[in-house]
Amino acid sequence: MEVRVRYAPSPTGLQHIGGVRTALFNYFFARANGGKFILRVEDTDRERYSDESLQDLYSTLDWLGIKWDEGPVVGGPHGPYIQSERLPLYQEYAKKLVDMGKAYYCYCTPERLENLRKKQEEEKSPQVGYDRHCRNLTEEERAELEKQGIKPVIRLKVPTEGSTTFHDILMGDITRENKDISPDPVLLKSDGFPTYHLANVIDDHLMGITHIMRAQEWIPSGPLHVLMYEAFGWEIPQYCHLPMVMGKETDPVTGEVHFAKLSKRHGSTSVRDFRAKGYLPEALLNYVSLVGWSYDSETEFFTREELEKVFSLEKINTAPGVFDYQKLDWFNGQYMRRRSNEDLAQLLMPYLKDAGILKDEDMDKLLDFVPGIKERITLLSDIVPMCSFVREYQVPSVEMLIPKKMDQAGTLTALKAVYEVVKQCMESGDSDDQMQQKLCDLAVKLGIKNAGVFNPLRIALTGLQVSPPPFSCLRLLGCEESYRRIECAIKVLEA
């Protein structure tokens, strides 16, 4: 049997971490088993649908390097893969259920249903939901209602007795009493659009889905879907409900740590936000894949290609996974260091251009700057405050320039000597290491600590107490601007 799995999001919002993890688990399971990964767009909720969300879905998977074997754009033998283009199929199969006596037409108006709901609430009735009013209408009664021009919905006949069981790969058998299942839910709405349940079951069957991997929040719909498979006489796919993704919260008063379903209050949860902040796709993919899954107790770093080989359902943890932003930041920092200086510079430049700090013609300067800050950077967006001194410079005060245990006269002497060494090194094309050695030799000659040489230089260049290494700053500013700033600092000390 060929493994066939699907990711079937609804384009009603941006792709978030929980959804992306579901997509990744499905994708890696398909690849590890030589199967197919299908993308299906469940867009029947037309009120909340947005083109922006659909494009965000495509761009997110593309950014992560996830290619679907069948689906929108690429096509396939079971298309169309967008539900709004499959309406005749749903209408056909809903009518088949009616013809088989497994479903029925319901003519109840929205007003009747609202009054029924209010009555159940007022009486605190144990019977909640639809009262099956139209389940046993005669042909004559139906004909009369049709004459009135009422467009019916189609409802599933849910058994009122017994129970329904389905097997979950992670959780074992799950059983629910039929009386506790939503009573006779709507399958096809009066406008001809299917509900989620009907479209989901029909599409999974017709597309040959063998394994349904989805979030645990869908467990309550499991028995209902099983009843629908049984009504059609279809084989039931294997279910695997994935543990939730939790966010960590710390009580500001007690300091106690709590866990809750990951949401916006825990920070950015849409992939678009992560991309904008400067997370790398390989870091996000690696970390998210480890939220609720682990290969062993030691290995943390996986490429996409490695996960395509080693992923298995047996290694999914049944407990909720915790999304830790600090851990993700650590992963991102590690992957930043793995990038070549050229790659990293190309990724950083758009942030600096948007901030008005550098232009395309400054790429060579940025290439020289990157090696000095590569170990210090966590997110691509970190480069903007790190380089703010290029655009926003204030001549440092005397107090800023003077290192500890030095006076103004000694600092002035040191900075003048530093200036001559820097000019000589820059104009002769010395490397950072060579320049550093010559400045260390200068410190020995002057009888001061290295900080007495390097700190005044760094502060003169940036006007900041905390900044990148001085050699990196020299490279980014260039000779002319660097000399001008050092000269300004010397004048401050002379005054």
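User: What makes the contact between lysine 416 and glutamate 494 a salt bridge?

Analyst: Happy to explain! Their side chains meet at 3.2 Å, N to O, and a salt bridge is a side-chain nitrogen of Lys or Arg within 4 Å of a carboxyl oxygen of Asp or Glu, so the pair qualifies. This is a predicted model, where local features need pLDDT of at least 70, side-chain atom pairs count only at pLDDT 80 or more, and totals for chains, interfaces and linings use all residues. Residues are numbered from 1 along each chain as its sequence is written, and side-chain values use heavy atoms, with hydrogens and water left out.

User: How do you know that the pair links distant parts of the chain?

Analyst: Lysine 416 sits in helix α17 (residues 408-428) and glutamate 494 in helix α20 (residues 470-494), 78 residues apart. Helices here are DSSP runs of H or I, at least four residues, numbered from the N terminus.

User: Why is lysine 416 called partly exposed?

Analyst: Buried means under 20% relative accessible area, exposed over 50%, and partly exposed in between (1.4 Å probe, protein chains only). Lysine 416 has 37%, so partly exposed is the right label. Glutamate 494, at 45%, is partly exposed too.

User: And why does arginine 40 count as buried?

Analyst: Its relative accessibility is 0%, so arginine 40 counts as buried. Glutamate 42 is buried as well, at 7%, and the two side chains meet in a salt bridge of 2.9 Å, N to O.

User: What joins Arg40 and Glu42 into one network with other residues?

Analyst: Salt bridges that share partners do, and the network also includes Arg6, Arg86, Asp203 and Asp204.

Notes. Helix = DSSP H or I, 4+ residues; strand = E, 2+ residues; numbered from the N terminus.
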